[in-house]
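The following exercises concern the pockets of a protein model. Each task is followed by a solution that proceeds step by step.

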Amino acid sequence: MKNEHAHLTEVAVEAARIARSIDVEQLDVPNTPCGDWDVRGLVNHWVLYTSHGLEHRALRKDLPEELTARDFTADADWAQQYAAQLDRAVAAWSDPVVWDGEVDLGGSATPAADIAAMLIAETALHGWDVARAVGEEFRLSDAAAAYVLGVVDSMAALYRQYDGFADEVPVPASASVFEQALAHSGRDPHWTGA
């Protein structure tokens, strides 16, 4: 749990940095690596699941309907609110007991550590999506990137069944670990909005 929580913390800090880098005009950018979403739609998904969802899973609570329908970007200080919510989520996972047991996902019990791993990967992958769409780079240490790659590889087949990941994108042997994680999740590490 210690290494996983360190990776969670690193990914959350980087996600908050990217959020703070976004200008209000960039929320209307139509092209993102996530096909059907513009930046605003992608950011709302990212904020909901990687901060509120992350905390609620740790607390074993369902996401309230008012959160799932909310446009977080309607608030001028949404990025600061996201950073604060990420801090709460990271704090909620700081207790080793939270990593034990299971989380009920609508009638399907899943090990809490697996849920945390998926959400760490989601925070990084969608963080990269958002960063790329606004001309930024999502940066991770090699250790955190290797963790994300391991999570992606462990869940790729399941995610592809539900269209959560596209087919793997070929990358050269020289690709960084994070580029491999992106490619294995069906993202082109060299995507641009052009």
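**Exercise 1: The largest pocket**

In this predicted model, the largest pocket holds about 770 Å³ of space. Determine which residues lie nearest its centre, which elements give two or more residues to its lining, and how the lining residues divide by class.

*Solution.*

1. The lining of the largest pocket consists of 28 residues. Those nearest the centre are His45, Glu122, His126, Tyr159 and Gly164.
2. Two or more residues of this lining come from each of α2 (39-59), α5 (112-133) and α6 (142-161).
3. The largest share belongs to α5, which contributes 7 residues.
4. By class, the lining of the largest pocket comprises 14 nonpolar, 7 polar and 7 charged residues.

**Exercise 2: The second largest pocket**

State the volume of the second largest pocket, identify the residues closest to its centre, and establish which element supplies the largest share of its lining.

*Solution.*

1. The volume of the second largest pocket is about 180 Å³.
2. This pocket is lined by 15 residues, and Glu137, Phe138, Ser176, Phe178 and Glu179 are the closest to its centre.
3. At least two lining residues are supplied by each of α5, α6 and α7 (177-184).
4. Among the contributors, α7 provides the largest share, with 4 residues.
5. The lining of the second largest pocket divides into 8 nonpolar, 2 polar and 5 charged residues.

**Exercise 3: Combining the results**

Which elements give two or more residues to the lining of the largest pocket and also at least two to that of the second largest pocket?

*Solution.*

1. For the largest pocket, the elements are α2, α5 and α6.
2. For the second largest pocket, the elements are α5, α6 and α7.
3. Hence α5 and α6 appear in both lists.

Note on methods:
Residues numbered from 1 in each chain as written. Predicted model: local features only at pLDDT ≥ 70, side-chain atom pairs only at ≥ 80, totals over all residues. Heavy atoms only, no water. 1 Å grid on protein atoms, 1.4 Å probe; cavity = no way out; pocket = protein on both sides within 12 Å on 5 of 7 lines; lining within 4 Å. Points joined across faces, edges and corners; volume = space filled by probe spheres on them. Nonpolar A, V, L, I, M, F, W, Y, C, P; charged D, E, K, R; others polar.
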